[in-house]
Amino acid sequence: MTDYFPGIDTIAYEGPTTDNALAFRHYNADELVEGKSMREHLRFAAAYWHCFCNGCADQFGGPTRTMPWEDADPMQTARNKVDANFELCTKLGIEYYCFHDTDVAPEGETLAESFANFDEIAAYLKAKQDETGVKLLWGTANCFSHPRFVHGAGTSCNADAFAYAAAKIAKAIEVTHALGGEGYVFWGGREGYKTLLNTDMGRELDHLAALLKMAVEHKKKIGFTGQFYIEPKPKEPTKHQYDSDAAACFAFLQKYGLENDFKMNIEANHATLAGHDFQHELEFSAINGILGSVDANRGDLMLGWDTDQFPTDIRETTLAMLSILGAGGFTTGGLNFDAHVARESIDPVDLFHAHIGAMDAFARGLKNAAAIRAGGKLDAFKKERYGSWDTGIGAQIEAGQLDMDALKAYMLDKGEVDANASGRVEMLENLLNDYI
Ligand code: XUL
Ligand code: CO
């Protein structure tokens, strides 16, 4: 194995009392929770773009991180990044990774050259997957960075930009399929608008649906059986992104008859940008049967943009795992750490501290959520809160047996509603804290 992270061994579980910073305190891969190993529940993935491509430049300064895999020759850098990826995942015990086409291979002078670069690196990725057992959770195409996508990709006013995006997406699905990827993500980076003064919203959305329909057809044509996901985000880079939250995506999918072909990839930081809790987006997806995968990160509530920090908040991971377990857990999806180290964290070892903390945070979230479920108090409270729907008038309404005249007669006769019970918000918040 290569040595981009010298002096770092395989990270072991040492339990909560260890003082070794390079050890897991809570993530114990083989430990069973609700009869399933933590590894199978959590299905961690490393995000190629943040780990190996993002030097932590910001609008005021260039990259700060030491990235020893970088070489003067872009194809050599690409090969080195493959090595670094599999070294990182193997040492951390992370079973999956995720990429955009342009993360793994540089764009060439022509589309044909870009495809050739992608194929060459894909073959190397495949060899390293076979050697290490690390797998591809999902792939995607970057249809947002290049200036050709200035007006969007699927929603561009320039039909050629749509065609270019379709070509890139087709190729990225093919490579994902060849690598045995379990899913494919559509995040609409530039699919939105700055001003309606120059935008035909209806036409743009029809085009976006057409692109997704073509992707579904292409998937079937090549025999790819992985799951398609849409990743909602309300703003950044565009002011109004069409896929603003899970509810907007679900409405869009239903309008165009695509609701059975896509699930959601819910990102924590995107949820908060949309003005929602992370758990709200998970729960909305769960009740509609579209909870697919998760980009596990964290925002900063003091900042209004996508800070993509590693998740460390145990309350958040607990609530997230409560919804994920409630939905029956992941099938093709997992927890992809769509997060980068801080600009000040400049050493390769910082990638390890970041992932160890995030994996431990989700391990604690998983154990807490399982304990809450086993305790049964939250469920019992909810069940009792809706008790008026289990018998009598509530049960009849739910069964569709009554119309408005019947309810009018019922209420005229009864006069007033039964006394309301307290929602016990603070008691329940205290109960949650008992588990954290
Ligand atoms: C952008 C973002 C993307 C998607 C994949 O905010 O989250 O990295 O996860 O394109
Ligand atoms: Co993401």
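The exercises below, each with a worked solution, concern a predicted model of a single chain.

**Exercise 1. Overall form**

Describe the secondary structure of the chain and decide how its radius of gyration compares with the globule rule.

Solution. Begin with the secondary structure: the chain holds 16 helices and 12 strands. Next take the radius of gyration, which is 24 Å; the globule rule gives 22 Å for 436 residues, and the two values are close, so the chain is as compact as a globular protein of that length. Along the principal axes, the C-alpha atoms occupy a box of roughly 85 × 60 × 45 Å. Finally, look at the contacts with a separation of 6 or more: 76% of them join residues 24 or more positions apart.

**Exercise 2. Surface and charge**

State what share of the residues is buried, what surface the chain exposes, and how far apart the mean positions of the positive and negative charges are.

Solution. Of the 436 residues, 48% are buried. The exposed surface comes to about 20,500 Å², and 52% of this area is supplied by carbon and sulfur atoms. For the charges, count 39 positive and 65 negative; their mean positions lie 2 Å apart.

**Exercise 3. The loop between E8 and E9**

Locate lysine 233, classify its accessibility, and find which peptide bond is cis.

Solution. Lysine 233 sits in the loop that runs from strand E8 (227-230) to strand E9 (240-241). Its relative accessibility is 5%, and buried means under 20%, so lysine 233 is buried. The side chain of lysine 233 comes to 3.0 Å from the backbone oxygen of glutamate 236. Glutamate 236 is in turn joined to proline 237 by a cis peptide bond, with omega about 10°. Proline 237 also belongs to the loop between E8 and E9. As a background point, most peptide bonds are trans. To complete the surroundings, leave out residues up to four places away in sequence: lysine 233 then touches Trp187, Gln241, Asp243, Ser244, His270, Leu273 and Asp306.

**Exercise 4. Two residues in helices**

For lysine 171 and asparagine 85, give the helix, the burial class and the contacts beyond four places in sequence.

Solution. Take lysine 171 to begin with. It is part of helix H6 (residues 159-178). With a relative accessibility of 12%, lysine 171 is buried. Its contacts beyond four places in sequence are Phe115, Phe118 and Asp119. A distance can be added: the C-alpha atom of lysine 171 is 9.7 Å from that of threonine 140, which is 31 residues away along the chain.

Turn to asparagine 85, in helix H3 (residues 74-92). Its relative accessibility is 0%, and asparagine 85 is therefore buried. Under the sequence exclusion of up to four places, asparagine 85 touches Tyr48, Phe52 and Tyr97.

**Exercise 5. Positive phi angles**

Where do glutamate 34 and arginine 43 lie, and is each buried or partly exposed?

Solution. Recall that most residues other than glycine have a negative phi. Glutamate 34 has a positive phi, near 50°. Its place is the loop from strand E1 (32-33) to strand E2 (36-37). At 42% relative accessibility, glutamate 34 is partly exposed.

Arginine 43 is not a glycine either, and its phi is positive at about 45°. The residue lies in the loop between helix H1 (38-42) and strand E3 (44-47). Its relative accessibility of 11% makes arginine 43 buried.

**Exercise 6. Two loop residues before helices**

Assign aspartate 200 and cysteine 143 to their loops, and give the accessibility of each.

Solution. Aspartate 200 falls in the loop between strand E7 (192-193) and helix H7 (201-222). A relative accessible area of 43% places aspartate 200 among the partly exposed residues. Its side chain reaches the backbone nitrogen of arginine 203 at 3.2 Å. By contrast with that contact, the C-alpha atoms of aspartate 200 and lysine 377 are 51 Å apart, with their positions 177 residues apart along the chain.

Cysteine 143 falls in the loop between strand E5 (135-140) and H6. It is buried, at 10% relative accessibility. Residues in contact with cysteine 143, beyond four places in sequence, are Phe149, Ala153, Ala165, Lys168, Ile169 and Arg190. From C-alpha to C-alpha, cysteine 143 and methionine 214 are 16 Å apart, at a sequence separation of 71 residues.

Terms used. Residues are numbered from 1 along each chain as its sequence is written. Chains are lettered from A and ligands numbered from 1 in the order in which they are written. This is a predicted model: local features need pLDDT of at least 70, side-chain atom pairs count only at pLDDT 80 or more; totals for chains, interfaces and linings use all residues. Side-chain values use heavy atoms; hydrogens and water are left out. Helices (H or I, at least four residues) and strands (E, at least two) are DSSP runs, numbered from the N terminus. The radius of gyration is taken over C-alpha atoms; the globule rule is 2.2 Å times the number of residues to the power 0.38. Buried means under 20% relative accessible area, exposed over 50%, partly exposed in between (1.4 Å probe, protein chains only). Contact means heavy atoms within 4.5 Å. Accessible areas come from the Shrake-Rupley method with a 1.4 Å probe; for residues, only the protein chains shown count as cover. Lys and Arg count as positive and Asp and Glu as negative; His and the chain ends are not counted. The place of a charge is taken as NZ of Lys, CZ of Arg, CG of Asp or CD of Glu. A polar contact is a pair of N or O atoms within 3.5 Å; within protein, one must be able to donate a hydrogen and the other to accept it, and residues adjacent in sequence count only if both atoms are side-chain atoms.
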